[in-house]
Amino acid sequence: LVWWLVETWTNLKEFKDEKVSEELKSKYFGMTSDQKYYFFQYLNDFKSASFEKEKMNLMSVLYGLTDEKNWEILYGWHRLSIRSKYTGCLEQIFTFIEAQGRLKYTKSIYA
């Protein structure tokens with residue numbers, strides 16, 4: 001499931017297809033927190049993904065990432081956002097850095 005989602009986002013070309021959006025959303029919310037964490041890790045580490053603004057906006061809206069509370073998921077989302085030069089969550093990244101002092105999270109965000 002995780003790898004399917006990674007591959008789908010990596011190869012996604014059409015952003016306005018509601019059927020695809022609903023499938024992406026249902027698959028994501030059907031995953032455990034650990035699976036969501038690995039989804040972002042695979043995008044960041046294995047795929048070295050960098051997405052255009054429109055794709056990042058879609059991911060943010062579909063998955064409610066601006067309201068996410070899980071530090072591990074936020075960490076992966078923020079790394080992907082920085083790699084993609086996505087400015088839509090900069091305030092969230094700054095808040096994350098201020099609130100979370102663990103080197104595990106902050107080192108790669110600053111790098």
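Welcome to this structure, and to a good place to start looking: Ser33, Lys36, Tyr37, Phe40, Gln41, Leu43, Asn44 and Asp45 in helix H3 meet Glu72, Ile73, Tyr75, Gly76, Trp77, Arg79, Leu80 and Arg83 in helix H5. Sorted by character, the residues of this contact of H3 with H5 come to 7 nonpolar, 4 polar and 5 charged. Please keep in mind that this is a predicted model. The points below go from that helix pair to helix H4, then to a serine in helix H2, and finally to the aromatic rings.

**How H3 and H5 pack**

- H3 covers residues 33-46 and H5 covers residues 71-83.
- The axes of H3 and H5 lie 8 Å apart, and the two helices pack at an angle of about 20 degrees.
- Because angles under 35 degrees count as roughly parallel, H3 and H5 are roughly parallel to each other.
- The crossing in which H3 passes H5 is left-handed.

**Helix H4 and its cover**

- H4 runs over residues 53-63, and its buried residues are Lys55, Met56, Leu58, Met59, Ser60, Leu62 and Tyr63.
- The cover over these buried residues of H4 includes helix H1 (2-11), H2, H3 and H5.
- After H4 comes glycine 64, which has a positive phi, near 60 degrees.

**Serine 21 in H2**

- Serine 21 has its place in helix H2, which spans residues 18-29.
- With a relative accessible area of 11%, serine 21 is buried, because buried means under 20%.
- Leaving aside residues up to four places away in sequence, serine 21 touches Phe15, Leu58 and Leu62.
- Leu58 and Leu62 also appear among the buried residues of H4.

**Aromatic rings**

- The structure holds 12 aromatic pairs.
- In the pair of tyrosine 28 and phenylalanine 29, the ring centres are 5.4 Å apart and the planes stand at 85 degrees, so this pair is edge-to-face.
- Tyrosine 28 is buried, with a relative accessible area of 1%, whereas phenylalanine 29 is partly exposed, at 45%.
- Ring pairs link Tyr28 and Phe29 into a cluster with Trp9, Phe39, Phe40, Tyr63, Trp77 and Tyr86.
- Several members of this cluster have been introduced above: Phe40 and Trp77 take part in the contact of H3 with H5, and Tyr63 is one of the buried residues of H4.

Terms used: Residues numbered from 1 in each chain as written. Predicted model: local features only at pLDDT ≥ 70, side-chain atom pairs only at ≥ 80, totals over all residues. Heavy atoms only, no water. Axes fitted to C-alpha atoms, helices over the stretch in contact; angles between N-to-C directions. Helix = DSSP H or I, 4+ residues; strand = E, 2+ residues; numbered from the N terminus. Parallel < 35°, antiparallel > 145°, perpendicular 65-115°, else oblique. Left-handed = near helix turned anticlockwise from the far one by under 90°. Contact = heavy atoms within 4.5 Å. Nonpolar A, V, L, I, M, F, W, Y, C, P; charged D, E, K, R; others polar. Buried < 20%, exposed > 50% of the residue type's maximum accessible area, 1.4 Å probe, protein only. Phe/Tyr/Trp six-rings, centres within 6.5 Å; stacked < 30°, edge-to-face > 60°.
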